[in-house]
Amino acid sequence: MKKLLSWILCMCICLAGMAGAFAEEAAPADARLVFAADCMQQIKDLAAEKEIKFERAWDISELDKDAILKAAVLAVTPEQVAMADGMGTLADLSRMINVFNGDYTEKAAALAIEGTDAAVANGENFVIFAMYEYHILLTLVRSDGTWGSVLLMSDRNVLSQFSEEAIRTMVQPYLPGDIGIEILEINP
């Protein structure tokens, strides 16, 4: 009986250790990626609630919020945040950037979200670019914990050109000046 109990105890310990190892492998490498994925889920939920449907490849109803293919964090100054805020809401920014597809533009603008509880802020201002196959989730996190997210239209060409230089070129019209860029590692 003691051998059986010992064997069961050993199996429980081994299984618990294996479950922990698998959980660590599946967890995103960075809290900012977790935050971005949560923002994408909120946008998906809002789209379902408002019955907003994107067409063809851009449909987000089946999108896995954790399927971030590439990501970067841009460190921005308080002045750059003030410039971005001076351009209007994130919905307004989305309309400026997504001008090449009116249908996508209006749907993305209608799904812009904001909040006041970004625990990842840590007293810093930054922008998260989370690249999905056909969308970019742009999230602005302010040092006070306020934040906003919006979708930008993307495709495989944009995804394949994802680099520090491409990001700088993309944001320069909206956030002029020096920007620190950190390319995040995505766990497969």
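This report describes the fold, the sheet and the cores of one protein chain.

**Overall make-up**

The model is predicted. The protein has 188 residues, and 41% of them are buried. It holds 7 helices and 6 strands. From the N terminus, the elements follow the order α-α-β-α-α-α-β-β-β-β-α-α-β. Contacts between residues at least 6 apart in sequence mostly span long stretches: 69% of them join residues at least 24 apart. The accessible surface is about 10500 Å². Carbon and sulfur atoms account for 58% of that surface.

**The sheet**

The 6 strands form an open sheet. Their order is β2-β5-β4-β3-β1-β6, and the pairing is antiparallel. The edges are taken by β2 and β6 (180–184). Each has a single partner strand, so one side of each lacks a neighbour in the sheet. From one strand to the next, the twist averages 20°.

Helix α4 packs on this sheet and touches β2, β4 and β5. The direction of α4 makes about 20° with that of β5. A second helix, α7 (residues 164–171), lies across β1, β3, β4 and β6. Helix α7 runs at about 130° to β6.

The table lists four of the strand pairs, each with one pair of facing residues.

| Strand pair | Bridges | Sense | Facing residues |
|---|---|---|---|
| β2 and β5 | 3 bridges | antiparallel | I113 and S149 |
| β4 and β5 | 7 bridges | antiparallel | L137 and L151 |
| β3 and β4 | 6 bridges | antiparallel | V127 and L140 |
| β1 and β3 | 6 bridges | antiparallel | V73 and I128 |

Two of these pairs are also hairpins. β3 passes to β4 through 3 residues. The hairpin of β4 and β5 has 5 residues between the strands. Within that hairpin, G145 takes a positive phi near 95°.

**Two enclosed strands**

How much of β5 is buried? The count is 7 of its 7 residues, so β5 is largely enclosed by the rest of the structure. In a regular strand, side chains alternate between the two faces of the sheet. In β5, one side carries W147, S149, L151 and M153. The other side carries G148, V150 and L152. Both faces are covered.

β3 is mostly covered too, with 6 of its 6 residues buried. F126, I128 and A130 point one way from β3. V127, F129 and M131 point the other way.

**The nonpolar cores**

The largest nonpolar core has 35 residues. Which of them touch the most other members? They are L137 and L151. These two residues are also bridge partners, L137 facing L151 in β5. Elements that give two or more residues to this core are α2 (31–50), β1 (70–75), α5 (102–110), β3 (126–131), β4 (135–141) and β5 (147–153). Helix α2 gives the largest share, 9 residues.

Beyond its neighbours up to four places away in sequence, L151 touches M40, I43, F54, I60, S94, N98, Y104, A108, H135, I136 and L137. Another core lies apart from the largest one. That core has 23 residues, among them V150, L159, F162 and I179. V150 and L151 sit on opposite sides of β5.

Two of the contacts of L151, Y104 and A108, are also among the buried residues of α5. The buried set of α5 is Y104, T105, K107, A108 and A109. Their cover includes α4 (90–97), β4 and β5.

**A buried arginine**

R32 lies in helix α2. Is R32 buried or exposed? The relative accessible area of R32 is 18%, and buried means under 20%, so R32 counts as buried. The side chain of R32 makes a polar contact of 3.1 Å with the side chain of E182. Leaving aside neighbours within four places in sequence, R32 is in contact with V73, V120, F126, I128, E182 and L184. Among these contacts, V73 and I128 are bridge partners of each other. F126 and I128 point the same way from β3.

How values were computed: Residues are numbered from 1 along each chain as its sequence is written. This is a predicted model: local features need pLDDT of at least 70, side-chain atom pairs count only at pLDDT 80 or more; totals for chains, interfaces and linings use all residues. Side-chain values use heavy atoms; hydrogens and water are left out. Helices (H or I, at least four residues) and strands (E, at least two) are DSSP runs, numbered from the N terminus. Buried means under 20% relative accessible area, exposed over 50%, partly exposed in between (1.4 Å probe, protein chains only). Contact means heavy atoms within 4.5 Å. Accessible areas come from the Shrake-Rupley method with a 1.4 Å probe; for residues, only the protein chains shown count as cover. A nonpolar core is a set of buried Ala, Val, Leu, Ile, Met, Phe, Trp, Tyr and Cys residues joined through side-chain atoms within 4.5 Å. Two strands pair if DSSP finds at least two bridges between them. Axes are lines fitted to C-alpha atoms, for helices over the stretch in contact, and angles run from 0 to 180 degrees between N-to-C directions. A polar contact is a pair of N or O atoms within 3.5 Å; within protein, one must be able to donate a hydrogen and the other to accept it, and residues adjacent in sequence count only if both atoms are side-chain atoms.
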